[in-house]
Amino acid sequence: MKTKELTNTIKALFAGDKGLLAMDESIPTCNKRFEEAGIPQTIEYRRAYRELIVTAPNLGKHISGAILFDETIHQSTKDGILFIDMLKKQGIVPGIKVDEGTTDLAGFPGEKITMGLDGLKERLANYYNMGARFAKWRAVINISPVLPSRGCIEANMHALARYAALCQEAGIVPIVEPEVLMDGPHDLKKCFDVTIRVQHVLFDQLFAQNVNLKWVILKPNMVLPGLSNPKPASVDKVAEATVTCLLQSVPAAVPGVAFLSGGQSAEAATAHLNAMHVKFKGKLPWALTFSFARAIQQPALEIWKGKDENVAEAQKILVHRASLDNAARRGEYNPEMEHDLNA
Ligand code: 5MM
């Protein structure tokens, strides 16, 4: 096993106050975001958008690793530089999403299973040769009055553990992402209960599959009330519930936790991460950072609108957003910093 390389990748990904940028939207998800922003949904617009991201000046000061999608990892800037090389130039470790999306889980109406284990060993070897040093696999868990089922949790966490074992064997650090979705009217306590249950099963499965936790990154949801719950939770309450949940389920051997944003606004995701650091400073056994997609990209995407003349401004917004998340990781974020583009 490439143990030294796995250790170096972990060190690079959690360096300083940096975090990860998830830019691994599949074609349908990227097209959906483009459609909402009035941007044409073509391969060239997707390439141009990813070029905007990887060439953003100073992105590497704030972002330690970027998760690419299969289409993106093969693409280049208009000057012919592979995105993966552009990221390396910025000092950003390239990563790759290797799951193949979700499908209905047979026997469990309303629940999903993530696909992609067939042929994964060979795909990982190819991605490693291309320069990817970490990977991501997302499992999706729904909450309803009767969900999630034990069958869904166990099947998905088993797949995550099989993926993680294959990654480590290939010299690639696995990000394991068990996402408990925000959809629904459930309250914060329900989200807490489901998230902790899912994570216990995940770590049990990782243990069963001989995955070494010192080379694993957990990408969890924050503990939040459902999107259609009329009672919002305060920033402090979310921070407290989320970290309490993690402290009760994530072994200290795990080097780092990097949150997904899950549909929160960029400001809310940053404020929640900040409150966790303020409240639990010096009390956490793992690094606690971000691996946001929408909460970093959305403001920039809305400025870009698919137009060349907006690229520089969109890049500025993108890098500023990442810098605010760095401040949150230090527990030094303040909403007033939102308006200071030089912060
Ligand atoms: C939950 O989605 C991940 C984090 O993104 P947010 O911060 O926006 O919640 C993200 O990495 C996601 O896995 C990718 O965008 C790919 O999603 P699809 O559905 O296209 O595979």
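1. The ligand occupies the largest pocket of this predicted model, and the elements that contribute two or more residues to the shell around the ligand are strand 6 and strand 7, the latter spanning 173-180. In total 17 residues surround the ligand, and the closest are Ser26, Thr29, Lys136, Ser261 and Arg294.

2. Sorted by class, the shell around the ligand is made up of 9 charged residues, 4 polar residues and 4 nonpolar residues. For anyone preparing this site for calculation, the class counts can be read alongside the names of the closest residues, which include Lys136 and Arg294.

3. Three polar contacts to the ligand deserve individual attention. In the side chain of Thr29, an N or O atom is found 2.5 Å from an oxygen atom of the ligand. A polar side-chain atom of Ser261 is likewise placed 2.5 Å from an oxygen atom of the ligand, while Gly262 contributes through its backbone, where an N or O atom lies 2.6 Å from a ligand oxygen atom. Taken on its own, the ligand has 500 Å² of accessible area, and the protein covers 91% of that area.

4. Which two residues are joined by a cis peptide bond? They are Leu147 and Pro148, and the omega angle of this bond is about 10 degrees. Pro148 belongs to the loop that runs between strand 6 (134-141) and helix 8 (150-169), and strand 6 is also one of the elements that give two or more residues to the shell around the ligand.

5. Asn210 has a positive phi, near 60 degrees, although the residue is not a glycine. The residue sits in the loop between helix 9 (188-208) and strand 8 (217-218). Is Asn210 buried or exposed? Its relative accessibility is 71%, and the cut-off for an exposed residue is over 50%, so Asn210 counts as exposed.

6. Lys305 is another residue other than glycine with a positive phi, in this case near 55 degrees. Its place is in the loop between helix 12 (294-304) and helix 13 (311-330). With a relative accessible area of 44%, Lys305 falls between the limits of under 20% for buried and over 50% for exposed, and is therefore classed as partly exposed.

7. For a closer look at the backbone, the places to inspect are the cis bond between Leu147 and Pro148, the positive phi of Asn210 and the positive phi of Lys305.

Technical notes:
Residues are numbered from 1 along each chain as its sequence is written. This is a predicted model: local features need pLDDT of at least 70, side-chain atom pairs count only at pLDDT 80 or more; totals for chains, interfaces and linings use all residues. Side-chain values use heavy atoms; hydrogens and water are left out. Helices (H or I, at least four residues) and strands (E, at least two) are DSSP runs, numbered from the N terminus. Buried means under 20% relative accessible area, exposed over 50%, partly exposed in between (1.4 Å probe, protein chains only). A residue is near a molecule or strand if one of its heavy atoms lies within 4 Å of it. A polar contact is a pair of N or O atoms within 3.5 Å; within protein, one must be able to donate a hydrogen and the other to accept it, and residues adjacent in sequence count only if both atoms are side-chain atoms. Accessible areas come from the Shrake-Rupley method with a 1.4 Å probe; for residues, only the protein chains shown count as cover. On a 1 Å grid over the protein atoms alone, a cavity is a set of points where a 1.4 Å probe fits but cannot get out, and a pocket is an open set with protein on both sides within 12 Å along at least five of seven lines; lining residues have an atom within 4 Å of a point. A molecule sits in a cavity or pocket if more than half of its atoms lie within 2 Å of its grid points. Ala, Val, Leu, Ile, Met, Phe, Trp, Tyr, Cys and Pro count as nonpolar, Asp, Glu, Lys and Arg as charged, and the others, Gly among them, as polar.
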